[in-house]
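Please work through the exercises below with the sequence and the 3D structure at hand, trying each task before reading its solution.

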Amino acid sequence: MRIRIVDAFTDRPFAGNPAGVLLLDAFPADDRLQQVAMEVNHAETAFAHRLTDNPEADWALRWFTPAAEVPMCGHATLATAHVLHSTGAHEGPVRFATRSGVLIATPREDGSFILDFPTAPLTAAQIPDGAAEALGAEPLAVFDTGSDVGNLLVELADEKTVRALKPDHRSLGACSERGFIATARAEDPARGYDFVSRCFFPNIGIDEDPVTGSAHTALAPFWSQRLGRPELTGLQASARSGLVRTEVRGDRTLLGGRAVTVIDGELLA
């Protein structure tokens with residue numbers, strides 16, 4: 001199998017969120033996919049194969065963390081679209097058949113892609129017992145993000161609080177089966193972003209995800225309502241960092257970003 005490592009939501013190597021991408025003739029057994037994802041050991045590894053008998057989609061796409069398959073992943077979808085176009089395997093918009101329905105990645109003239117994803121439904125929730133202590137900050141508000149995203153969105157006091165978080169990942173994982181998206185309004189929008197976030201998913205093998213596209217399907221409607229604008233830019237303030245352009249269009253959210261291939265090799269096992 002040919003395997004590529006792609007940094008997504010960035011225009012330079014060693015930033016953004018790395019994903020493994022494998023283009024296959026068909027999906028092997030699930031345990032084989034999970035073994036490969038464990039070996040790659042990035043937040044997600046994407047597996048795709050071409051569809052010839054589906055009028056609604058061009059490629060089938062699945063995503064695995066080192067510990068589990070996930071229902072939706074933004075950065076690995078962006079990485080896969082980048083590989084398809086950079087290798088000539090596909091031209092124009094790509095329609096992916098996934099567990100979250102058909103997701104479309106559209107290339108732009110500047111080399112970036114626009115991802116068309118379902119908007120996450122937000123409902124008010126309670127912070128699980130012990131989660132605020134494990135996270136290291138008291139939330140202003142908490143929202144459930146629905147089954148596709150599957151995490152709790154936690155609004156914190158300010159950008160400095162989000163950046164300073166040093167969660168106890170073991171305790172955070174024990175508080176809930178779900179992950180946590182911590183966010184706050186940007187301190188200075190003149191820096192080129194409107195809100196910041198960090199994402200912690202210890203129960204699926206990812207203590208902190210560098211840049212999480214799927215989380216922005218919840219962050220975008222949350223901040224668009226607060227700030228009164230459909231188009232925003234989010235900064236995920238991890239060590240690697242990355243920018244995600246967002247636009248809320250009712251029940252769909254558009255995510256914009258770039259990607260760069262950093263490793264191109266062969267899986268021998």
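The exercises that follow concern a predicted model, and they take up pockets, aromatic rings and cysteines in turn.

**Exercise 1. The largest pocket**

Find the volume of the largest pocket, and describe which residues and elements line it.

Solution. Begin with the space itself: the largest pocket has a volume of about 330 Å³. Next, turn to the lining, which is made up of 26 residues, and note that Val70, Pro71, Val149, Asn151 and Ile204 are the ones that lie nearest the centre of this pocket. Then look for the elements behind the lining: strand S5 (69-70), helix H2 (74-86), helix H4 (146-149) and strand S14 (206-209) each supply at least two residues, and H4 gives the most, with three residues. Finally, sort the lining of the largest pocket by residue type, which yields 10 nonpolar, 10 polar and six charged residues.

**Exercise 2. The second largest pocket**

Describe the second largest pocket in the same order, from its space to its lining.

Solution. The second largest pocket holds about 210 Å³ of space. Its lining consists of 15 residues, and those closest to the centre are Phe9, Thr10, Asp11, Gly242 and Leu243. Two or more lining residues come from strand S16 (242-249) and likewise from strand S17 (252-257), while the largest share, three residues, belongs to S16. By residue type, the lining of the second largest pocket divides into four nonpolar, six polar and five charged residues.

**Exercise 3. Aromatic pairs**

Determine how many aromatic pairs the structure holds, and work out how the rings of Phe47 and Phe64 are arranged.

Solution. The count of aromatic pairs comes to four. A pair of aromatic rings is described by two quantities, the distance of the centres and the angle of the planes. For Phe47 and Phe64, the rings are 5.8 Å apart from centre to centre and their planes are at 85 degrees, an edge-to-face arrangement. As for their places in the chain, Phe47 belongs to strand S3 (residues 44-50) and Phe64 to strand S4 (residues 59-64), so that this pair, 17 residues apart, links distant parts of the chain. Because buried means under 20% relative accessible area, Phe47 counts as buried at 1%, and Phe64 is buried as well, at 3%.

The same reasoning serves for Phe222 and Trp223, whose ring centres are 4.9 Å apart and whose planes stand at 85 degrees, so this pair is edge-to-face. Phe222 is buried at 4% relative accessibility, and Trp223 is buried at 1%. Both of these residues belong to one aromatic cluster, which they form with Phe143 and Phe195. A charge over a ring can be noted too, since Arg62 lies over the face of Phe27, at 5.4 Å from the ring centre.

**Exercise 4. Cysteines**

Why do Cys175 and Cys199 take no part in a disulfide?

Solution. Recall that a disulfide is a covalent bond between the sulfur atoms of two cysteines, and that the cut-off used here requires these atoms to lie within 2.5 Å. For Cys175, the closest cysteine sulfur is that of Cys199, and it is 17 Å away, which is too far for a bond. For Cys199, the closest cysteine sulfur is in Cys73, 11 Å away, which is again too far. The surroundings can be added as a last step: Cys175 is partly exposed at 21% relative accessibility, whereas Cys199 is buried at 0%. By this rule, the count for the structure is zero disulfides.

Notes: Residues are numbered from 1 along each chain as its sequence is written. This is a predicted model: local features need pLDDT of at least 70, side-chain atom pairs count only at pLDDT 80 or more; totals for chains, interfaces and linings use all residues. Side-chain values use heavy atoms; hydrogens and water are left out. On a 1 Å grid over the protein atoms alone, a cavity is a set of points where a 1.4 Å probe fits but cannot get out, and a pocket is an open set with protein on both sides within 12 Å along at least five of seven lines; lining residues have an atom within 4 Å of a point. Grid points are joined across faces, edges and corners, and a volume is the space filled by probe spheres set on the points. Helices (H or I, at least four residues) and strands (E, at least two) are DSSP runs, numbered from the N terminus. Ala, Val, Leu, Ile, Met, Phe, Trp, Tyr, Cys and Pro count as nonpolar, Asp, Glu, Lys and Arg as charged, and the others, Gly among them, as polar. Rings of Phe, Tyr and Trp (its six-membered ring) pair if their centres lie within 6.5 Å; planes under 30 degrees apart count as stacked, over 60 as edge-to-face and the rest as tilted. Buried means under 20% relative accessible area, exposed over 50%, partly exposed in between (1.4 Å probe, protein chains only). A charge sits over a ring if NZ of Lys or CZ of Arg is within 6 Å of the ring centre and within 35 degrees of the ring normal.
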